[in-house]
Amino acid sequence: MLYYLFEYLYKTLNIPGTGVFQYITFRSGLAVILSLMISTIYGKKIIGFLRNQQVGETVRELGLQGQNEKAGTPTMGGLIIIIATLIPVLLLTKLNNIYIILLIVTTLWMGTIGFIDDYIKIFKKDKQGLKGIFKVIGQVGLGVIVGSVLYLHPGVTIRNEQLKTIEINRTENVISQAAPEIKSTATTIPFVKNNEFDYAQLLQWAGEGYENWAWIVFIPIVIFIITAVSNGANLTDGIDGLAAGTSAISVVALGLFTFVSGNIIFSSYLNIMYIPNSGEMTVFIAAFAGALIGFLWYNSYPAAVFMGDTGSLTIGGIIAVLAIAVRKELLIPLLCGIFLVENFSVVIQVTYFKWTKKRTGEGKRIFLMSPLHHHYQKKGYHESKIVTRFWIVGIILAILSIVTLKLR
């Protein structure tokens with residue numbers, strides 16, 4: 001909203017200084033500051049409201065140190081993240097940008113699923129919350145929407161850096177494009193020299209016109225990624241500050257990807273895919289990162305509030321959509337390595353337990369407890385030490401992900 005006001009002041013009334021809102025970097029900086037202020041200042045009021053409404057966490061007895069002390073801690077704190085993200089986004093972004101629209105829909109969609117789950121757990125006294133099948137239906141539904149929009153919307157295009165030519169007129173300072181914007185389901189393969197891969201190529205066996213059926217591959221892949229990442233974030237949300245901190249690290253890295261991919265000069269220099277209009281997502285990411293960091297003010301050990309599924313499902317959904325939109329979804333196993341390991345630890349634990357029980361009649365476990373962070377708690381590590389070390393690993397993974405821009 002403020003973007004359009006200042007655009008009018010700049011282009012119509014020619015008021016000096018108002019043109020600064022045309023710069024993504026300025027609006028991103030403003031978004032971080034605003035989201036931090038909202039999440040830290042008003043976050044306390046939201047926590048107080050949740051406490052007054054007796055929206056307290058019911059902690060299962062898992063035999064973990066300090067576990068009982070967390071009973072009654074307000075949950076649904078994901079509302080802080082959602083509010084602190086959406087207000088700066090509505091004020092500072094181009095709301096007609098298709099990527100911004102998708103991200104707003106994702107935030108509200110996944111936030112609603114998580115809110116319903118938390119509501120059932122707290123007010124209906126059902127520890128299972130929303131049935132798994134309904135969660136999956138919600139995630140698949142979002143995947144269908146995101147996949148269909150990215151595939152069909154005319155505003156979602158790319159310019160292949162390897163096919164285009166850029167001419168720079170140094171006198172007029174104008175950049176002209178020889179290659180047009182095209183619709184494509186191409187993505188980026190990390191650590192590979194010619195690193196662009198089109199999902200449509202998987203259908204080459206179908207013969208002439210196979211490109212028209214690329215959605216058969218693309219949309220299911222989008223559904224799988226959104227479901228996997230949102231569940232991964234949900235599993236990671238088990239100890240104070242873990243999910244919020246690791247997510248903030250991944251989101252900042254994604255912000256760099258959106259900025260360079262949406263900038264024709266940087267994408268040309270780095271020889272990466274140029275995605276028109278994707279740079280606007282940087283403002284959303286800045287607001288989201290600020291909201292996550294501000295939430296950590298209250299969620300760091302000992303937590304004054306938990307994010308609940310309202311926050312964790314939303315975080316996972318947003319990260320997945322961001323990665324897909326900027327054509328970096330194949331980087332998710334590296335960039336979101338913490339989520340991946342947490343997911344796998346549960347899958348491995350359950351699979352091994354069932355397999356050994358079937359063979360010997362007694363189920364055995366590989367980890368003391370899953371997800372993985374509980375394994376280290378069982379070994380006697382303090383929550384703060386586990387979280388800090390996971391953050392360090394997350395930073396290393398984020399740096400390796402950024403390095404893929406040139407290391408191929």
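This passage describes the nonpolar cores, a helix pair, the salt bridges and one loop residue of a predicted model.

The largest nonpolar core of the predicted structure comprises 95 residues, and within this core F288 and I319 are the residues with the most contacts. The greatest contribution to this core comes from helix α9, which spans residues 281-299 and supplies 13 residues. When neighbours within four places in sequence are left aside, F288 is found in contact with I81, T85, V251, I315, I318 and I319, so that I319, itself one of the two residues with the most contacts inside the core, is among the contacts of F288. Apart from this core lies another, made up of eight residues, which include L242, I338, I386 and F390.

Helix α9 is also one partner in a helix pair, the other being α2, and the axes of these two helices come within 7 Å and cross at roughly 30°. Because angles under 35 degrees count as roughly parallel, α2 is described as roughly parallel to α9. The crossing of the two helices is right-handed. On the side of α2, the residues that meet α9 include I24, R27, S28, A31, V32 and S35, as well as L36, S39, T40, G43, K44 and I47; on the side of α9, their counterparts include T282, V283, A286, A287, G290 and A291, together with I293, G294, F295, W297 and Y298.

R27, one of the α2 residues that meet α9, also takes part in a salt bridge with E280, in which the closest N and O atoms are 2.5 Å apart. This pair links distant parts of the chain, since R27 belongs to helix α2 (residues 24-52) whereas E280 lies in the loop between α8 (264-270) and α9, 253 residues apart. Both partners are buried: R27 has a relative accessible area of 1%, and E280 has a relative accessibility of 3%.

Across the whole structure, a search finds seven salt bridges. In general, side chains of opposite charge can pair when their charged atoms come close. One of these salt bridges joins K11 to E7, with the closest N and O atoms 3.4 Å apart. Because K11 and E7 stand four residues apart in helix α1 (residues 2-11), about one helical turn separates them. K11 is exposed, its relative accessible area being 53%.

A further salt bridge is formed between the side chains of K121 and D117, with a distance of 3.2 Å from N to O. These two residues are likewise placed within one helix, α4 (residues 98-123), where, being four residues apart, they are separated by about one helical turn. The surroundings of the two partners can be described separately: K121 is partly exposed, with a relative accessible area of 29%, whereas D117 counts as buried at 0% relative accessibility. Both residues belong to a network of salt bridges in which D117, K121, K135 and D309 are linked.

Finally, F367 is located in the loop between α12 (337-360) and α13 (372-378). With a relative accessible area of 19%, F367 is classed as buried, because buried means under 20% relative accessible area. Leaving aside neighbours within four places in sequence, the contacts of F367 are with S345, I348, Q349, L372 and H375. Along the chain F367 and T404 are 37 residues apart, and their C-alpha atoms are separated by 32 Å.

Definitions and conventions: Residues numbered from 1 in each chain as written. Predicted model: local features only at pLDDT ≥ 70, side-chain atom pairs only at ≥ 80, totals over all residues. Heavy atoms only, no water. Core = buried A, V, L, I, M, F, W, Y, C linked by side-chain atoms within 4.5 Å. Buried < 20%, exposed > 50% of the residue type's maximum accessible area, 1.4 Å probe, protein only. Contact = heavy atoms within 4.5 Å. Salt bridge = Lys/Arg side-chain N within 4 Å of Asp/Glu carboxyl O. Axes fitted to C-alpha atoms, helices over the stretch in contact; angles between N-to-C directions. Parallel < 35°, antiparallel > 145°, perpendicular 65-115°, else oblique. Left-handed = near helix turned anticlockwise from the far one by under 90°.
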